[in-house]
Amino acid sequence: MAFWLFKSEPDEYSLQDLAAEPGGCGRWDGIRNYQARNFLRDQVSPGDEVLFYHSACKVPAVVGTAEVTRAAYPDPAQFDPDSQYFDPKASADEPRWHCVDLSWRSEFARPVPLAEIKQTSELENMMLVKQGRLSIQPVAVEEWHTIVRLGER
DNA sequence: GCCAACGTTGGC
DNA sequence: GCCAACGTTGGC
C-alpha cells in the first residue's frame, strides 16, 4: 500500500465533486502529462491512499483524502473526438492515457496550503516542493501523517 | 497571462 | 542518436 498526492483544479473537479458522486466514487481522468501517467499506469494500486490537492486556484492546498478503488485503465476520453481530452494518436490497441477510480475518504477540518507546506521542515523533501508541476506524485508515510495532522486543526 | 521545468517528438 | 521545438502543468 502506497501514498500519493493527486492534483486537481477545483473548477474542473474538486474534492467536493468527488464526495457528491454516487457512493463517493469517481473517475480520475484527463491526465495528459507523461510523468504523471507513468506513476498512474505503473504504480498506483487499489487500496493506495491519496492526498487530494487543489491546484491552479487562489489558495493551492491539500484539502482532504481519498482511496484508489480501481487500478489504471485506458482513459475513455482519449477516444472521444468531442472531448477536450481527445488524442488522435491514441488507439484502443495502444492507449496513450490512463485513469483510475477514486473513493472519497475525508475532508480536512482546514486546508493545508502549499505556502505552509513549504515552511514545514518535515515536508521540505516533498516532490510538491522540489518539482512543482507534477500532478501525481508519491508521498512518504511520514509526510502523509504530517499533512493529515496539520489538516486536523 | 507569464514563464520555468519537465518529458516527448521529430528533423537531420 | 543529437538536440531544438513543442505541449503540459501550475505557482506567481
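This briefing covers a protein chain modelled with DNA strands B and C. The model is predicted. A UniProt annotation from an unreviewed entry, "domain: EVE", covers residues 2–149. Over residues 2–149 the chain is 23% helix and 33% strand, and the end C-alpha atoms are 18 Å apart. The points below take DNA strand B, DNA strand C, helix α2, and then single residues in β5 and in two loops.

**DNA strand B**

- The residues that surround DNA strand B are Y34, Q35, K89, R96 and R133.
- Sugar and phosphate make up 79% of the atoms of DNA strand B that come within 4 Å of the protein.
- By class, the surface near DNA strand B consists of 1 nonpolar, 1 polar and 3 charged residues.
- The side chain of Q35 has an N or O atom 3.4 Å from a phosphate oxygen of DNA strand B.
- For R96, a side-chain N or O atom is likewise 3.4 Å from a phosphate oxygen of DNA strand B.
- R133 is placed at a base: an N or O atom of the R133 side chain is 3.1 Å from a base nitrogen of DNA strand B.

**DNA strand C**

- DNA strand C has 13 residues around it, of which K7, Y53, A56, K118 and R133 come nearest.
- Within 4 Å of the protein, 80% of the atoms of DNA strand C belong to sugar or phosphate, and the rest to bases.
- The surface near DNA strand C has 5 nonpolar, 4 polar and 4 charged residues.
- Two backbone contacts go to phosphate: a backbone N or O atom of A56 lies 3.0 Å from a phosphate oxygen of DNA strand C, and a polar backbone atom of S135 is 3.3 Å from a phosphate oxygen of that strand.
- R133, listed above for DNA strand B, also has a polar side-chain atom 3.1 Å from a base nitrogen of DNA strand C.

**A56, in the loop between β3 and β4**

- A56 lies in the loop between β3 (49–54) and β4.
- Its relative accessibility is 59%, so A56 counts as exposed.
- A56 is not a glycine, yet its phi is positive, at about 50°.
- A56 is one of the residues that come nearest to DNA strand C, and the contact of A56 with a phosphate oxygen of DNA strand C uses a backbone N or O atom.

**Helix α2**

- Helix α2 spans residues 34–42, and its buried residues are A36, R37, F39 and L40.
- These residues are on the same side of α2 because they cover an arc of only 165° around the axis.
- An α-helix has 3.6 residues a turn, so residues three or four places apart point the same way.
- The cover over the buried residues of α2 includes the strands β1 (3–8), β4 (61–74), β5 (98–113) and β6 (136–138).
- At the N-terminal end of α2, N33 acts as a cap, with a side-chain oxygen 3.2 Å from the backbone nitrogen of Q35.
- Q35 thus appears twice in this briefing: the backbone nitrogen of Q35 pairs with the N33 side chain, and the Q35 side chain has an N or O atom 3.4 Å from a phosphate oxygen of DNA strand B.

**S103, in strand β5**

- S103 has its place in strand β5.
- S103 has a relative accessible area of 8% and is therefore buried.
- Not counting residues up to four places away in sequence, S103 touches L18, G23, G24, C25, A66, E67 and T69.

**A90 and S91, in the loop between β4 and β5**

- A90 is found in the loop between β4 and β5, and S91 lies in that loop too.
- A90 is buried because its relative accessible area is 14%, whereas S91, at 32%, is partly exposed.
- Leaving aside neighbours within four places in sequence, A90 is in contact with Q78, F79 and R96.
- A90 and F79 are 11 residues apart along the chain, and their C-alpha atoms are separated by 7.0 Å.
- R96, a contact of A90, is also among the residues that surround DNA strand B.
- The S91 side chain reaches the backbone nitrogen of E94 at 3.0 Å.
- S91 and E107 are 16 residues apart along the chain, with 37 Å between their C-alpha atoms.

Key:
Residues numbered from 1 in each chain as written. Chains lettered and ligands numbered in written order. Predicted model: local features only at pLDDT ≥ 70, side-chain atom pairs only at ≥ 80, totals over all residues. Heavy atoms only, no water. Near = heavy atom within 4 Å. Polar contact = N/O pair within 3.5 Å; in protein donor to acceptor, adjacent residues only side chain to side chain. Nonpolar A, V, L, I, M, F, W, Y, C, P; charged D, E, K, R; others polar. UniProt positions renumbered as here; feature names shortened; annotations may be inferred. Helix = DSSP H or I, 4+ residues; strand = E, 2+ residues; numbered from the N terminus. Buried < 20%, exposed > 50% of the residue type's maximum accessible area, 1.4 Å probe, protein only. Arc of directions from axis to C-beta. Contact = heavy atoms within 4.5 Å.
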